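Trainee: I keep meeting labels for helices and rings, and I would like to know where they come from. Could we go through some together?

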Amino acid sequence: EMRVLLISDPSLQGYDEEGTDDEGEKGGGEESHDDDSEADKDDEDGAGKKAACAVCVGVGSLCDPPQLGGLAHFVEHMLFMGTKSHPTPGAFDAYLSSVGGPMANAQTGAQKTTYGFGVPHCRLLQALWLFAEFFVEPLFDASSTDRERNAVNQVGAVTLMYD
């Protein structure tokens, strides 16, 4: 039951409608996503072009259990604190910064939480791969919980309580 809105600019080179690059290789796949050597080849038409992605999850602060106020906001923060494949807290933001993309951001509302990022067009596939890991294999590492709980408590009127 996922709804997707895809907006594409066919004037950008690099990937066709079937998701293959100029050499006929499928994007994503099982290749290593830590090597950006291919992405360094900015094509002339795509140079300077930006891409963006947002995911809206139908869980917001009104879904918090009474004894865990702030839980949805806390989860929002924790997703940025590493994944099984990339366990370093802030690895996604560091990647975006290293390739000239703006930092990722998220917002927890009453009924939904939205996660998003922007990146140079030539880096979109790598960024999507890293971003998808948030939702597939989040780390939820205990070493980040106190810091992120404090960050959530400082922002909102609710206090995340847990033992």
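Mentor: Gladly! Let's begin with a definition: a residue counts as buried when its relative accessible area is under 20%. Keep in mind that this is a predicted model. F131 and F134 are both buried, and F80 is buried too.

Trainee: What makes the pair of F80 and F134 edge-to-face?

Mentor: Rings pair if their centres lie within 6.5 Å, and planes over 60 degrees apart count as edge-to-face. For F80 and F134, the centres are 4.9 Å apart and the planes are at 70°, and that fits edge-to-face. This pair links distant parts of the chain, with F80 in the loop between α1 and α2 and F134 in helix α3, 54 residues apart.

Trainee: Why is the pair of F131 and F134 called tilted?

Mentor: Planes under 30 degrees apart count as stacked and over 60 as edge-to-face, so the rest are tilted. F131 and F134 have 55° between their planes, with 5.5 Å from centre to centre, hence tilted. These two residues are about one helical turn apart, because they are three residues apart in helix α3.

Trainee: How do you know that α2 is roughly antiparallel to α3?

Mentor: Their axes cross at roughly 165°. Angles over 145 degrees count as roughly antiparallel, so α2 is roughly antiparallel to α3. The contact involves F92, Y95 and L96 of α2, and Q126, A127, L130, F131 and F134 of α3.

Trainee: What is that contact like by class?

Mentor: The contact of α2 with α3 has seven nonpolar residues, one polar and no charged ones.

Definitions and conventions:
Residues are numbered from 1 along each chain as its sequence is written. This is a predicted model: local features need pLDDT of at least 70, side-chain atom pairs count only at pLDDT 80 or more; totals for chains, interfaces and linings use all residues. Side-chain values use heavy atoms; hydrogens and water are left out. Axes are lines fitted to C-alpha atoms, for helices over the stretch in contact, and angles run from 0 to 180 degrees between N-to-C directions. Helices (H or I, at least four residues) and strands (E, at least two) are DSSP runs, numbered from the N terminus. Angles under 35 degrees count as roughly parallel, over 145 as roughly antiparallel, 65 to 115 as roughly perpendicular and the rest as oblique. Contact means heavy atoms within 4.5 Å. Ala, Val, Leu, Ile, Met, Phe, Trp, Tyr, Cys and Pro count as nonpolar, Asp, Glu, Lys and Arg as charged, and the others, Gly among them, as polar. Rings of Phe, Tyr and Trp (its six-membered ring) pair if their centres lie within 6.5 Å; planes under 30 degrees apart count as stacked, over 60 as edge-to-face and the rest as tilted. Buried means under 20% relative accessible area, exposed over 50%, partly exposed in between (1.4 Å probe, protein chains only).
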